[in-house]
Amino acid sequence: MLDKAMEQIEKYLGPAADWASNNRYFKAIMTAILATLTLTIVGALAVIIGKPPIPEVVFQSDNFIAKMLVGWAKWGDEHVWLRGINDISTGIIGIAFTMGFSYNLAKHYKLNEIGALVTSVMIYFFIVGQPTSVLINDVATLQINMSAFGSTGIFSGIVISVIVVEIIRLFHTKDIGIKFPDSVPLYVKTSFNSILPGIANVLVFILINGVLNSLFGVKLPEMITTIFSPLVNNFDNVFMVGFFMFLVNLFWFMGIHGGSIVMPILLPIELQNIVENLNNYSAGLPYDNVFTGPVQFGFIMIGGAGIFALALLNLFSKSTGLKQIGKVGFIPSLFNISEPTMFGTPIPFNAKLFIPFVMVPVINTIITYAAFDWFNLINAPILNVPSQTPVILIAMAASASVKAGLVALIIILIDIAVYYPFYKRFEKELIQEEEEEAALTQINNNSALDLKAE
């Protein structure tokens with residue numbers, strides 16, 4: 001029955017998964033998101049140094065450590081410039097993402113990467129920044145709306161970069177440009193041949209903005225925000241997150257890289273959520289976005305694809321083969337790298353481990369939202385910790401809480417309990433196969449000795 005179900009899933013989802021996993025836009029999105037990691041980490045560290053997450057009970061204590069922590073908090077209050085570092089670093093994430101996305105997309109097409117990057121930035125300032133001229137001390141001054149350059153500008157950056165790079169590509173493939181003699185250096189030709197696509201891009205975006213403003217009374221960034229805001233605003237709940245985590249592992253089970261298909265959709269949402277949490281925490285406002293990168297890898301997908309429990313079971317397995325896989329796969333899974341355990345066990349098309357593999361992320365999602373959202377046991381994350389931060393430590397660092405590490409540990413123990421009965425049946429069959437193979441090898445060795453003796 002499971003085989004038939006998987007055949008149907010592969011029949012309908014397989015082609016779409018292949019397309020998504022090789023999609024140039026998705027690959028460029030993932031690379032561009034990683035390029036913004038430094039900005040979020042630097043901003044978060046500055047905020048935490050300037051406004052340490054000290055529990056209220058500490059301020060009521062009178063011991064040495066409490067006094068030291070209170071002194072740190074007072075020092076932070078006197079140095080608010082530290083939080084300004086966060087305002088700058090997270091305030092340019094949208095434009096940093098646009099630069100990374102356009103650069104990598106142009107690189108995929110083997111175009112002039114720097115030319116595409118510069119053009120995208122120019123259009124981003126023009127369209128998203130919406131420059132206006134105002135009088136300051138009777139002097140005409142150009143002002144740009146920098147508030148739109150943060151994480152909320154990521155989706156605008158995607159649309160702008162795609163249009164910009166595709167127009168540049170059109171000029172390149174049609175060989176439209178200024179003709180130069182062969183004696184002219186290549187860098188000169190490249191620079192001048194960026195002019196016409198740049199002019200074309202400006203005209204195209206002026207036209208798009210004009211049409212949208214005439215028909216709907218909105219400009220392009222507002223239209224993009226209207227289109228994507230329902231996805232962003234309604235994603236952070238146990239049902240949506242649980243479904244997408246299930247989908248990631250379902251693709252993995254089919255032998256397809258689930259992260260490369262689903263993560264380009266999730267990463268912009270995760271980034272917006274963590275940046276909003278950080279900025280609200282810095283401003284002393286409520287912050288309650290749960291679904292972020294650190295939560296995904298620190299609680300839901302522990303070990304990468306949620307297989308840290310499986311890596312532990314392999315490490316202590318009675319099966320020689322599984323134990324070897326455990327020795328190879330445990331350390332990578334500790335850093336949320338799942339491939340050695342996943343393909344060594346193996347997971348893809350292994351019907352015996354299908355149920356725990358796809359259900360563990362769903363169960364972990366429920367526990368995570370119970371801890372964060374339903375019972376408020378842990379503060380929402382504010383530090384965008386890299387996904388390769390070790391298991392448990394990533395959970396503690398993201399929320400600056402020891403309790404977060406305890407919740408992660410409880411999730412691991414529950415995952416082991418979920419895997420255990422299925423794993424034991426799988427292990428028993430492997431042990432039996434290994435014993436039969438060892439017995440057959442012994443018989444062959446004895447036969448060889450007997451022949452040699454004769």
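**Exercise 1. Find which residues of helix α2 are buried, and work out how they are arranged around its axis.**

Solution. Start by listing them: in this predicted model, the buried residues of α2 are Phe 26, Ala 28, Ile 29, Ala 32 and Ile 33. Next, look around the helix axis: these residues cover an arc of only 160°, so they lie on the same side of α2.

**Exercise 2. Check whether the span of helix α2 agrees with its number of residues, then look at its start.**

Solution. Helix α2 covers residues 24-35, which is 12 residues. At 1.5 Å a residue, the expected span is 16 Å. The C-alpha atoms at its ends are 17 Å apart, which agrees with that expectation. Now move to the start of α2: there, a side-chain oxygen of Asn 23 comes to within 2.9 Å of the backbone nitrogen of Tyr 25.

**Exercise 3. Describe how helices α14 and α18 cross, and name the residues that make the contact.**

Solution. Two packed helices are described by the angle between their axes and by the distance between those axes. For α14 (residues 293-300) and α18 (residues 354-374), the axes come within 9 Å and the crossing angle is roughly 115°. The crossing is right-handed. On the α14 side, Val 295, Phe 299 and Ile 300 make the contact. From α18 come Pro 361, Asn 364, Thr 365, Thr 368 and Phe 372.

**Exercise 4. Decide whether Leu 310 is buried or exposed, and find what it touches.**

Solution. First locate Leu 310: it sits in helix α15, residues 308-315. Its relative accessible area is 0%, and buried means under 20%, so Leu 310 is buried. Setting aside neighbours within four places in sequence, Leu 310 is in contact with Thr 341, Thr 345, Ile 347, Leu 353, Tyr 419 and Tyr 423. Take Tyr 423 from that list: Leu 310 and Tyr 423 are 113 residues apart along the chain, with their C-alpha atoms separated by 8.2 Å.

**Exercise 5. Do the same for Asn 209: is this residue buried or exposed, and what does it touch?**

Solution. Asn 209 belongs to helix α10, residues 195-216. With a relative accessible area of 13%, which is under the 20% cut-off, Asn 209 is buried. Not counting residues up to four places away in sequence, Asn 209 touches Ile 127, Val 218, Lys 219, Leu 220 and Pro 221.

**Exercise 6. Step back and summarise the protein chain as a whole.**

Solution. Count the elements: there are 20 helices and two strands. Then take the burial: 46% of the 454 residues are buried. Finally, among contacts with a separation of 6 or more, 73% join residues 24 or more positions apart.

Key. Residues are numbered from 1 along each chain as its sequence is written. This is a predicted model: local features need pLDDT of at least 70, side-chain atom pairs count only at pLDDT 80 or more; totals for chains, interfaces and linings use all residues. Side-chain values use heavy atoms; hydrogens and water are left out. Helices (H or I, at least four residues) and strands (E, at least two) are DSSP runs, numbered from the N terminus. The expected span of a helix is 1.5 Å times one less than its number of residues. Buried means under 20% relative accessible area, exposed over 50%, partly exposed in between (1.4 Å probe, protein chains only). The arc is that of the directions from the helix axis to the C-beta atoms. A polar contact is a pair of N or O atoms within 3.5 Å; within protein, one must be able to donate a hydrogen and the other to accept it, and residues adjacent in sequence count only if both atoms are side-chain atoms. Axes are lines fitted to C-alpha atoms, for helices over the stretch in contact, and angles run from 0 to 180 degrees between N-to-C directions. A crossing is left-handed if the near helix is turned anticlockwise from the far one by less than a right angle, and right-handed if clockwise. Contact means heavy atoms within 4.5 Å.
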